[in-house]
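Me: Could you walk me through this structure, one question at a time? I'd like the reasoning along with each answer.

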Amino acid sequence: MINKQIIRDEALGEQYSLIHHKSGLDILVWKMEGYRTTEAMFVTRYGSFNNIFRKAGQKDFTVVPEGIAHFLEHKLFENEDCTAFELYAQTGAYANAYTTFDHTAYLFSCSQNWDKSLEVLLTFVQEPYFTKESIDKELGIIGQEIRMGLDSPERQCFYALLRALYSEHPIKTDIAGTEETIAQITPELLYECYDNYYDLHNMFLAIAGNVDEDKVIEIADRLLRDCEDRSIETRIPSEPRDVCQKRIELTFPVGLPIFNIGFKAEPFSGEERVRKTVAVSVALELMSGTMSPLYKRLLDERLINSTFGYDIMAKDGIFFTAFTGESDDPDRVCELCLEEIERVKQEGFDQKLFDIVRKSTYGQIIRELSNPERVCSGFMVSGMIDGVDSFCQIRALRDLTAEQCRQEVEQLIDPQYCAVSVVRPEK
Amino acid sequence: MEFNRENLGGGVAFSRVTDKKFKSCSVKISFITENSYESSAKSSLLFSILATSNAKLPSRTALTEAAEELYGSYISSFCSRLGDYITAGLECGFIADGNTIGKEVISTKAVDILLDCIFDPQLEGGLLSEEYFLMKQKELCDAIAASVNNKRAYAVREARKLIFKGEPAMYSDHGSIEDAMNITREDLSEHLSFLLENAVTEISVSSDGSTAECEKMIKDRFAPFTKRDIKPITYRKNSPLKAEPAFAEVAESINQSKMVMAFKSAYDDIYTVKLFSTMFGGAPFSMLFENVREKLSLCYYCPSAYIDTKGTMIVDSGVENSNLDAARDEIIKQLQQAAEGAFSDELLENSKRFICDSFMSNYDSPYNMQDWYSAQVTRGTAFSPDEICEKLNAVTREQIRDCAASFRLDTVFTVKATGEAVSAQ
């Protein structure tokens with residue numbers, strides 16, 4: 001008996017299946033009629049946040065070096081005999097993997113042999129093989145990746161903002177770690193992290209496009225191994241509401257100064273996180289999108305260019321929004337953004353503009369539903385947040401009002417909790 | 001999926017990609033001219049201004065609101081190199097009418113805005129709006145100034161100046177800050193007239209088949225231009241091989257050096273070369289990835305890419321200073337090995353599967369199919385991804401060996417790291 005739910009949105013006329021596999025793995029399948037491409041992601045809820053952990057029943061926490069989740073992702077691509085790339089070479093799929101703050105994903109995209117590629121994906125992620133020699137070799141490659149990241153002014157500006165906003169939360173450290181921290185990684189540490197976080201109960205498989213659900217289940221039955229639910233507990237240090245420091249400046253060989261203006265807020269969980277994210281996203285579009293009075297004013301004063309935009313990050317223990325871009329005068333941009341926040345708090349949003357932004361966002365969702373890659377990555381929300389399905393965002397959008405958006409600005413974009421990072425050109 | 005192409009006359013062509021599964025549509029109008037020192041900056045600036053407003057929607061805010069109200073439709077400009085040519089113009093994207101709430105018809109409204117931006121722009125005393133001219137001129141200058149931020153792209157862009165020295169392809173698709181600052185509103189009015197009178201014009205519509213009315217609107221507006229006397233373009237002009245390879249180096253305060261190598265060949269069959277480039281450095285199991293990165297750890301990345309319009313294969317790499325010479329020598333050695341046939345049948349077959357898989361995935365996107373057939377137009381062909389894959393699967397190892405043997409080193413350009421890139425204050 002298969003434990004399966006059909007998740008459907010009647011208004012959109014779209015649906016997908018959520019299969020609770022006997023191994024403990026949740027499998028999300030969205031068949032898209034007429035499409036040739038198949039997109040798949042095998043995801044563990046394990047990223048750079050998860051550096052201090054203990055198993056259920058254990059007293060003490062284990063502390064592992066920064067950057068180990070990313071290092072593990074690199075090493076999992078190699079098993080004893082060959083690399084995952086060599087296995088994918090026989091199917092024709094494009095394969096990749098990435099590590100973020102809170103998850104690691106192994107993915108492939110293909111337009112033929114999707115079943116063979118799925119077999120490769122499920123096999124190599126379940127077959128870790130770590131040795132001292134292979135770790136030593138990887139240190140050089142990841143060291144180069146870290147140095148390349150140090151050459152990216154946008155990345156450095158972003159991490160500077162994180163360090164300014166957060167004093168305790170591990171989000172302030174680079175996902176890849178440093179050359180010093182990764183030098184501490186051993187095969188034993190990698191196996192310990194793997195055993196604890198690559199537990200199928202802590203993972204999900206998402207697949208969209210040209211796919212046959214019965215075949216997915218048959219492959220999963222054949223290749224997924226029963227595993228114990230380790231109920232791993234990650235310790236995230238408690239974070240004060242106040243920002244760590246108001247401003248960080250860096251110099252870099254850039255053509256124009258780059259800025260991030262961030263606003264720290266209290267974090268949310270479950271469906272509330274999704275609803276808050278949708279609401280604040282619409283609020284930011286209304287406040288600083290290309291139709292907004294603020295955008296017009298910034299353009300009129302020649303303060304911004306087409307790189308100006310906004311960001312939202314909502315994760316365990318984290319919620320912040322940011323205005324980002326390039327400007328000759330980041331301080332003036334910041335001043336005008338803060339003025340606009342105060343105005344919006346008092347006056348709220350224009351109803352006509354709100355209706356346009358909501359309709360436009362609906363169009364964006366329709367466009368994404370015709371792209372297997374976006375449909376597959378859209379599973380990330382339901383895969384990562386308990387009790388949330390992939391249609392949660394569109395439901396939140398349908399229910400949203402202009403007044404709610406104003407309230408979110410009041411609650412979530414508070415100038416009292418603002419920090420700024422600026423990258424300036426070398427003199 | 002269906003593809004049709006009509007020559008409307010006067011250098012105006014209309015292409016149509018139709019697939020019922022598409023939920024969104026794209027209309028692209030491209031004006032193609034030879035690249036030159038100043039034309040790229042003019043084209044880039046002109047179309048970025050035209051995308052802001054038109055006579056009926058005379059402000060950026062009014063146009064953006066009108067487009068966004070059509071379920072997030074957009075009008076945007078583009079300007080990019082196509083070998084020795086620049087293709088610049090406007091494009092418009094919208095969801096198919098059948099996907100709107102209550103089946104509201106938005107396609108004709110979106111296309112009307114697009115066409116008005118070209119044929120009925122917002123003018124002040126016969127010139128483009130001064131406000132938007134100054135705004136977009138600054139944006140273009142900012143974009144040119146900020147182009148040094150991405151060191152990998154910067155290295156390739158600088159390398160092209162040496163690789164294609166003396167050819168139109170050496171000029172960037174944005175021009176220089178000096179070019180941008182020297183442009184006047186009068187120049188742009190002249191440039192728009194010049195393009196409408198002289199540029200090869202490619203119109204393409206990619207949709208679910210519900211855009212017949214839009215297509216008629218577009219053809220009607222372009223009808224007066226179908227009597228022009230325009231010579232067709234030969235896009236493929238192989239870049240001449242230098243008598244001796246050119247070497248150049250610049251220093252930057254970065255942590256990882258960037259090395260760009262160019263190899264040139266007059267090998268005729270584009271798809272054999274594309275297959276060879278995939279096998280050489282275009283896949284995660286390729287010769288360069290396997291040997292230069294994985295086995296010898298000489299670089300962090302070193303993919304190869306083939307520019308078919310110039311007969312040039314570029315390998316761009318991120319390398320530690322201490323490994324620069326060894327990485328360069330190893331990349332050349334790998335090319336020699338390919339030319340001697342020192343590669344496995346398995347590698348060749350894997351490369352065929354990889355490139356075909358990638359080509360076939362284009363079928364799922366209206367935008368990708370539009371780009372696919374635009375590339376076909378530059379080659380004077382109209383092959384579908386399926387047809388190309390059939391050709392690729394018939395390529396022999398002897399053809400690959402001969403193709404590899406035809407490439408010669410032309411240029412090595414290095415942005416050498418001088419150390420720490422960032423300092424805190």
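Me: Let's start with a single residue. Is A:Arg302 buried, partly exposed or exposed?

Reply: Happy to help, and please keep in mind that this is a predicted model. A residue counts as buried with 20 or more other C-beta atoms within 10 Å of its own and as exposed with 12 or fewer. A:Arg302 has 15 such atoms, so the residue is partly exposed.

Me: Where does A:Arg302 sit, and what is its phi?

Reply: A:Arg302 lies in the loop that runs between helix 10 and strand 13 (309–315) of chain A. Most residues other than glycine have a negative phi. A:Arg302 is not a glycine, yet its phi is positive, at about 55°.

Me: And in chain B, is B:Lys103 buried or exposed?

Reply: B:Lys103 also calls for a look at its backbone: its phi is positive, near 55°, in a residue other than glycine. Its place is the loop between strand 5 and helix 3 (107–119) of chain B. The cut-off for an exposed residue is 12 or fewer other C-beta atoms within 10 Å. B:Lys103 has 8, so the residue is exposed.

Me: How confident is the prediction for chain B, and where is the pLDDT below 50?

Reply: The mean pLDDT of chain B is 94, with 99% of its residues at 70 or more. One stretch has a pLDDT below 50, though in the model it makes 18 contacts beyond near neighbours in sequence. Where pLDDT is low, the predicted coordinates should not be read in detail. The stretch to treat with care is residues 421–425 of chain B.

Me: What are the ipTM and pTM of the model?

Reply: These two scores belong to the model as predicted. They are ipTM 0.89 and pTM 0.92.

Me: Which strands pair with strand 3 of chain B, and how many of its residues are buried?

Reply: Strand 3 (residues 24–34) of chain B runs antiparallel to strand 5 (residues 85–95), joined by eleven bridges, and B:Lys28 has B:Glu91 as its bridge partner there. Strand 3 is also antiparallel to strand 8 (residues 200–207) of chain B, through seven bridges, with B:Val27 opposite B:Val205. So its partners include strands 5 and 8, and the number of buried residues in strand 3 of chain B is ten of eleven.

Me: Which strands stand at the edges of the five-stranded sheet of chain B?

Reply: The order in this open sheet is 9-13-10-12-11, with mixed pairing. An edge strand has a single partner strand, so one side is left without a neighbour in the sheet. In this sheet of chain B, those are strand 9 (246–252) and strand 11 (304–307).

Me: What is the average twist in that sheet, and which helix packs on it?

Reply: From one strand to the next, the twist averages 15°. The packing helix touches strand 11 and strand 12 (312–319) of chain B, and its direction makes about 165° with that of strand 11. That is helix 9 (residues 270–281) of chain B.

Me: Which residue stands opposite B:Lys258?

Reply: Strand 10 (residues 257–264) and strand 13 (residues 408–417) of chain B run antiparallel and are joined by seven bridges. In strand 13 of chain B, the residue opposite B:Lys258 is B:Val415.

Me: Why do the buried residues of helix 11 of chain A line one face?

Reply: Helix 11 (residues 330–347) of chain A has 18 residues and reaches 25 Å, close to the 26 Å expected. Its buried residues are A:Pro330, A:Val333, A:Cys337, A:Glu340, A:Ile341 and A:Val344. The face turned away from them carries exposed residues, including A:Glu335 and A:Gln346. Seen down the helix axis, the buried residues line one face because they fall within an arc of 105°.

Me: Which residue just after helix 11 of chain A has a positive phi?

Reply: The value of this phi is about 75°. The residue is A:Gly348.

Me: Finally, which helix gives the largest share of the side of chain A that touches chain B?

Reply: The contact takes 59 residues from chain A and 51 residues from chain B. Among the elements that each supply at least two residues on the chain A side are helix 4 (132–150) and helix 5 (153–165). The largest share, nine residues, comes from helix 12 of chain A.

Terms used
Residues are numbered from 1 along each chain as its sequence is written. Chains are lettered from A and ligands numbered from 1 in the order in which they are written. This is a predicted model: local features need pLDDT of at least 70, side-chain atom pairs count only at pLDDT 80 or more; totals for chains, interfaces and linings use all residues. Helices (H or I, at least four residues) and strands (E, at least two) are DSSP runs, numbered from the N terminus. Two strands pair if DSSP finds at least two bridges between them. pLDDT is the predictor's confidence in each residue, from 0 to 100. Two residues are in contact if their C-beta atoms, placed from the backbone, lie within 7 Å. Axes are lines fitted to C-alpha atoms, for helices over the stretch in contact, and angles run from 0 to 180 degrees between N-to-C directions. The expected span of a helix is 1.5 Å times one less than its number of residues. The arc is that of the directions from the helix axis to the C-beta atoms.
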